[in-house]
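Hi everyone, thanks for making time this morning. I'd like to walk you through one structure, so please have a look at it on the screen while I talk.

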Amino acid sequence: MLEGAKSIGAGAATIALAGAAVGIGNVLSSLIHSVARNPSLAKQSFGYAILGFALTEAIALFAPMMA
């Protein structure tokens, strides 16, 4: 019973980390698109992208702690 619960927890953490990786990819993809559309706002967009990256990474760090 305990081994099964450990496996379920490990699987849930893996799925959460995969979701966080997709989120980070979306943040960086949006940065590339926004800089391509308006290069004059590249510095401001980069700051927002770093904030989005940090928040997504924080969620990714919570998943293994919960598992």
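Let's begin with Glu3, which is exposed because its relative accessible area is 56%. One thing to keep in mind throughout is that this is a predicted model. So what does the side chain of Glu3 meet in a salt bridge? The partner is Lys6, with 3.9 Å from N to O. Lys6 has 49% relative accessibility, so Lys6 counts as partly exposed. Both residues belong to helix H1, and they sit 3 residues apart, about one turn of the helix. Here is the background for that spacing: an α-helix has 3.6 residues a turn, so residues three or four places apart point the same way. And side chains of opposite charge can pair when their charged atoms come close. How many salt bridges does the structure hold? The count is 1.

Now let's follow helix H1 itself. H1 has 36 residues, and from its first C-alpha to its last it reaches 53 Å, close to the 52 Å expected at 1.5 Å a residue. Which residues of H1 are buried? They are Gly9, Ala13, Ala20, Ile24, Val27 and Leu31. As for what they pack against, that is H2.

So, over to H2. This helix runs over residues 42-66, and its 25 residues should span 36 Å at 1.5 Å a residue; the end C-alpha atoms are 36 Å apart, so the two agree. On the buried side of the list we have Ser45, Ala49, Gly52, Thr56, Ala60 and Ala63. What covers these buried residues of H2 includes helix H1, residues 2-37, and in return the buried residues of H1 pack against H2.

Let me pick out Ser45 as an example. Ser45 lies in helix H2, and it counts as buried because its relative accessibility is 17%, where the cut-off for buried is under 20%. Leaving aside residues up to four places away in sequence, Ser45 touches Leu31 and Ser34. You may remember Leu31 from the list of buried residues in H1.

What about the outside of H2? Leu55 is in that helix too, and Leu55 is exposed because its relative accessible area is 53%. Leu55 joins Tyr48 and Leu51 in a nonpolar patch on the surface, and together the three have about 350 Å² of accessible area. Further along H2 we find Phe62, which counts as partly exposed because its relative accessibility is 45%. How far is the C-alpha atom of Phe62 from that of Leu51? They are separated by 17 Å, with the two positions 11 residues apart along the chain.

Last, the database record. In an unreviewed entry, UniProt lists residues 12-33 and 45-63 for "transmembrane region". In the model, residues 12-33 are 100% helix and 0% strand, with end C-alpha atoms 32 Å apart. Residues 45-63 are also 100% helix and 0% strand, and their end C-alpha atoms lie 28 Å apart. The UniProt entry, again unreviewed, lists residues 8-66 for "domain: V-ATPase proteolipid subunit C-like". That span is 93% helix and 0% strand, and its end C-alpha atoms lie 12 Å apart.

That's my tour, and I'm happy to go back to any part of it.

Key. Residues are numbered from 1 along each chain as its sequence is written. This is a predicted model: local features need pLDDT of at least 70, side-chain atom pairs count only at pLDDT 80 or more; totals for chains, interfaces and linings use all residues. Side-chain values use heavy atoms; hydrogens and water are left out. Helices (H or I, at least four residues) and strands (E, at least two) are DSSP runs, numbered from the N terminus. The expected span of a helix is 1.5 Å times one less than its number of residues. Buried means under 20% relative accessible area, exposed over 50%, partly exposed in between (1.4 Å probe, protein chains only). Contact means heavy atoms within 4.5 Å. UniProt positions are given in the numbering used here, feature names are shortened, and annotations may be inferred rather than shown by experiment. Patches are made of residues with over 30% relative accessible area and no salt bridge: like charges are joined within 9 Å, nonpolar side chains (Val, Leu, Ile, Met, Phe, Trp, Tyr) within 5 Å. Accessible areas come from the Shrake-Rupley method with a 1.4 Å probe; for residues, only the protein chains shown count as cover. A salt bridge is a side-chain nitrogen of Lys or Arg within 4 Å of a carboxyl oxygen of Asp or Glu.
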